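This report looks at how aromatic rings are arranged in one protein chain. Please keep the sequence and the structure in view while reading.

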Amino acid sequence: MPRSDNPTHEDSTDSALSIDFIARLGTAMLGADYPIPVVRHTLERFADKKQIDCPLLVLPNFVQAGDRHQTRVVRRDSPLRYDQTFPLGELVTRAERGQVDPADGLAELDRIHALPRRYPGWVEVLGYGLQSAAYALILQPTLVSLVAAAGFGLLVGIMELVTRGNTALRHLLPVLSAFAVTYIAFSLGRLLHMGHDSLRVLIAPLTLFLPGVAITLAVIESSTGEVVSGSARLMAGFTRLAQLALGIVIAVQLLGLSWSELVDTQVNTLGGWAPWLGVAVYAVGIALHFGPPPGFMPWLTLVLFIAYGAQALTASVFGGYTSGFGGGLILMICALVLSRLPNMPAAQVVLAPGFWLLVPSSVGMIGIADMAAGQGTGAITVMLVSMMSIALGFTTGFAIWNVFRRRGDDVEFVD
C-alpha cells in the first residue's frame with residue numbers, strides 16, 4: 001500500500017500543518033499588536049478544535065508551537081499595516097471557531113502579508129499631515145499650532161516614506177524626526193515669537209512614534225500575569241521614549257535654548273468647536289494614511305467621536321491625567337458591540353483608531369521634554385498614570401461586557 005494511504009502518515013502531516021499554521025498565525029497577531037493572552041487563547045482554541053496536542057510559548061517576539069516531536073518556532077512578523085489587520089481579524093475569528101483548514105490558513109496569511117498598500121505614498125503622507133493637524137486642533141487649537149502641525153506632519157510623513165526601504169534608518173527615524181521637528185520649531189519660534197505654542201507644537205507631528213500601544217499592552221499583560229512579555233514591552237516603550245528625548249535634547253543643545261523656553265500652556269483661540277472638528281479631520285487622516293476599507297469610514301468616525309467624547313467627559317469630572325479611563329472603558333464596550341454586527345471587523349481592529357486618538361497617550365510627549373529637562377521622575381509618573389488609566393478602562397469595559405453579554409457569545413479579548 002502506498003505511504004500516502006497510511007493514516008498515521010496523514011495524521012502526522014495534518015498535525016505538522018496545524019502546528020505550522022498556529023505558529024505563523026500567532027506571530028501575525030503579535031505583528032498586529034494583539035495582547036499575549038488573546039494570542040494564546042486563539043491558538044489554544046484552534047488546537048482544541050483540531051484535537052491536537054500543541055504546547056505553546058508566546059512572547060512578544062516569537063511563538064513556539066508543538067512538542068519535542070513536532071516543534072515550530074517563528075519569530076514575530078514585521079508590524080502589520082492597519083489595512084492588513086482587517087483580513088487578519090477575520091482569519092482569527094474563523095480560527096477560533098475551527099473553520100479554517102491549516103493549508104488554507106497558511107495561504108491566507110501569505111496573501112495578507114502580500115497585500116499592496118491601498119494608496120500611493122504621497123496620499124499616505126498627506127494623510128499623516130492631516131492626522132498631525134487634527135491633533136493640533138484637539139490639543140492646542142491655535143492658528144500657529146495648526147499650520148505648524150500640518151507642515152511638520154508632512155515633513156515626518158515624507159521622512160517615514162523615504163526610510164521604508166532602509167532598516168537602519170527606520171530604527172533611527174524617531175531620533176531624526178524629533179531632532180528635525182524640535183530644531184525647526186524652536187528656530188521658527190524665536191523668529192515668530194510663538195511663546196505658549198512652543199512645546200505643544202512638538203506633540204502632533206511626533207505621535208507616530210509615541211509608544212502608547214506598547215506601554216498600554218505592557219500594563220494589560222502584567223496585570224494578567226504575563227510578566228515577561230509585559231516587562232519586554234515596557235522596556236521597548238521606554239527605549240522609544242528615550243529615542244525621542246535624545247532627538248529633542250540634541251536640538252535644544254545645538255540651539256542653545258534655555259529650559260524656560262520649553263513652556264506648556266494650553267490655549268484655544270479658535271473656539272470650542274475646534275477639537276470636535278479635529279476628530280473628524282483625524283478620521284480622514286487615518287483613512288488616507290492607513291487605508292482601511294472604504295466601507296469602514298462611517299464606523300471609524302463613530303468610534304473616534306465616541307472615544308473622544310467619553311474621554312472629554314471623564315476629563316471634565318476627574319482631570320486630564322485619568323481621562324483615559326473613561327475613554328478606554330467606553331471604547332472597549334463600543335468595539336465589542338460593533339464587532340458583533342454583520343460584516344464588521346474584529347474588536348481589536350475596531351478598537352485601534354479610538355485608542356490612537358486618546359489624548360493621554362500624547363501627554364507623554366510633554367513628559368519627554370520634561371525628561372530632557374531633568375524632571376524625569378514626574379514625567380515618567382504622569383506617563384505611567386496615563387497609560388494605566390487607559391489599560392484599566394479597557395479591562396473594566398471588557399469585564400462589564402462579560403457580565404451583560406448574552407450566554408453563548410464567544411467574544412474574547414483579555415483573560
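## A cluster of rings

In this predicted model, Tyr82, Phe86, Phe290, Phe296 and Trp356 are joined into a cluster by ring pairs. The structure as a whole holds 11 aromatic pairs, and two individual pairs are described below.

## An edge-to-face pair

Tyrosine 135 and tyrosine 282 have ring centres 5.2 Å apart, and because their planes stand at 70°, the pair is classed as edge-to-face, the term used for planes over 60 degrees apart. This pair connects distant parts of the chain, since tyrosine 135 belongs to helix α5 (residues 121-139) while tyrosine 282 belongs to helix α10 (residues 274-290), with their positions 147 residues apart.

Are these two tyrosines buried or exposed? Tyrosine 135 has a relative accessibility of 4% and therefore counts as buried, and tyrosine 282, with a relative accessible area of 2%, is buried as well; the cut-off for this word is under 20%.

## A stacked pair

Helix α10 also contributes tryptophan 276, which pairs with phenylalanine 305 in helix α11 (residues 297-318), so that distant parts of the chain, 29 residues apart, are linked. The rings of tryptophan 276 and phenylalanine 305 lie 6.2 Å from centre to centre with 5° between their planes, and the pair is stacked.

How do the two residues of this pair count in terms of relative accessibility? Tryptophan 276, at 39%, counts as partly exposed, and phenylalanine 305, at 29%, likewise counts as partly exposed.

Notes: Residues numbered from 1 in each chain as written. Predicted model: local features only at pLDDT ≥ 70, side-chain atom pairs only at ≥ 80, totals over all residues. Heavy atoms only, no water. Phe/Tyr/Trp six-rings, centres within 6.5 Å; stacked < 30°, edge-to-face > 60°. Helix = DSSP H or I, 4+ residues; strand = E, 2+ residues; numbered from the N terminus. Buried < 20%, exposed > 50% of the residue type's maximum accessible area, 1.4 Å probe, protein only.
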